[in-house]
Amino acid sequence: SPQTGTTKEYGVGFRAVDNKLNFRVTRFETTQDNMTDSRMTGVLNRVVDLEARITASLSKSFLDSIGYAGFDSAQASTLFKRYLDNYDFSVGAVRADGTRNAEYGGAPAGTSEVTSSISKGYEIEAVLNPTRNWRIAANVAQQEAVRGDTSPTLNALVDERLKQWQNPQLWPLVLAGGVQAVNSYATTYMVNPLTTAKLSVGERVQELREWRANVVTNYSFGRETKLKGWSVGGAARWQDKVAIGYPVI
């Protein structure tokens, strides 16, 4: 589904001094859903890649003998099958050593893991007209946004497959640079990135400045003066410091 968002605002305002002063305070909360989760970019296709490597590295008879529930097993879940279908996972004929060549394509265009974000804050605005020709406007804003949860679908899929991948008999897994145990591959490319991503749930978005303030003033010369038609003004802006990251612990 496309990205969506909802906002709730609660505000109060008043006017005073014959409408020369206008003041307003607003509290807002914005929720955004179906945002692309950049934390999951490197994990998305690892499940199908690992299954393809297992199929190409270990014979079907061996996998059956240890009770491995692969793509062609009766124990394979609907979630797992739907995921493989999404990548056009296919297997060739059985080779002399009992292994099979497995291939898969890319996910359909636009496929990505999604997350959410919640932004909360206040906005304070004031407009003051000390005289008929002089106007002053000021606003102060405070905002913080926190990162949402990681994909429940991908988490469920990886958790389900880990029960199969953690079998110590699943090796050697053939890689370009040599061999590796299946559990080691899963830990390196899925468990560790997912764990790191989950630790970021609820943390503040780093690039967002929490506080900012603006002041604008303008004075228009009256028609009875030699400077009629002219005005003079100025503006000032202040922004809070911005974070570039969290310390490594």
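Leaving aside its neighbours within four places in sequence, which residues is threonine 188 in contact with? In this predicted model, the partners are Gln180 and Pro193. Threonine 188 belongs to helix H5, and its relative accessibility of 41% makes it partly exposed. Isoleucine 118 sits 70 residues away along the chain, and 30 Å separates the C-alpha atoms of the two residues.

Helix H5 also leads to the interior of the structure. The largest nonpolar core has 32 residues, and those touching the most other members are Val47, Leu50, Ile54, Val158, Trp165 and Met190. Two or more residues come from each of helix H1 (46-57), helix H3 (78-86), helix H4 (152-165) and helix H5 (182-199). The most is given by H5, with 6 residues. Methionine 190 offers a good view of this core: beyond its neighbours within four places in sequence, its contacts are Val43, Arg46, Val47, Leu50, Val158, Trp165 and Tyr185.

Two of the helices can be followed in turn. H1 is built from 12 residues and spans 16 Å between its first and last C-alpha, close to the 16 Å expected at 1.5 Å a residue. Because 9 of its 12 residues are buried, H1 is largely enclosed by the rest of the structure. Among these buried residues are Val47, Leu50 and Ile54, together with Asp49, Glu51 and Thr55. H4, with 14 residues, reaches 20 Å from first to last C-alpha, close to the 20 Å expected at 1.5 Å a residue. Its buried residues include Leu154, Val158, Arg161, Leu162 and Trp165, and the buried residues of H4 pack against H1, H3 and H5.

Charged side chains add another layer to the picture. Side chains of opposite charge can pair when their charged atoms come close. The structure holds 9 salt bridges. One of them joins glutamate 51 and arginine 161, with 3.1 Å from N to O. Glutamate 51 lies in helix H1 and arginine 161 in helix H4, so this pair ties together parts that are 110 residues apart in sequence. Both glutamate 51 and arginine 161 are buried. A further salt bridge pairs arginine 53 with aspartate 49, whose closest N and O atoms are 2.8 Å apart. These two residues are separated by about one helical turn, because they are 4 residues apart in helix H1. Here arginine 53 is partly exposed at 26% relative accessibility, whereas aspartate 49 is buried at 12%.

Glutamate 125 and arginine 24 form another salt bridge, with 2.7 Å between the closest N and O atoms. This pair links distant parts of the chain, since glutamate 125 is in strand S5 (residues 114-128) and arginine 24 in strand S2 (residues 21-36), 101 residues apart. Glutamate 125 is partly exposed at 32% relative accessibility, and arginine 24 is partly exposed at 35%. Elsewhere, a network of salt bridges links Glu144, Arg204 and Glu210.

Glutamate 203 is found in the loop between H5 and strand S9 (211-220). With a relative accessible area of 19%, glutamate 203 is buried, because the cut-off for that class is under 20%. Leaving aside neighbours within four places in sequence, glutamate 203 is in contact with Ala145, Val146, Arg147 and Tyr246. Tryptophan 211 lies in strand S9 and is partly exposed, at 38% relative accessible area. On the surface, Trp211 joins Ile124, Val140 and Trp238 in a nonpolar patch that has about 360 Å² of accessible area together.

Definitions and conventions. Residues numbered from 1 in each chain as written. Predicted model: local features only at pLDDT ≥ 70, side-chain atom pairs only at ≥ 80, totals over all residues. Heavy atoms only, no water. Core = buried A, V, L, I, M, F, W, Y, C linked by side-chain atoms within 4.5 Å. Buried < 20%, exposed > 50% of the residue type's maximum accessible area, 1.4 Å probe, protein only. Contact = heavy atoms within 4.5 Å. Patch = residues over 30% accessible without salt bridge, like charges linked within 9 Å, V, L, I, M, F, W, Y side chains within 5 Å. Areas by Shrake-Rupley, 256 points an atom, 1.4 Å probe, with all protein chains shown as cover. Salt bridge = Lys/Arg side-chain N within 4 Å of Asp/Glu carboxyl O. Expected span 1.5 Å × (residues − 1).
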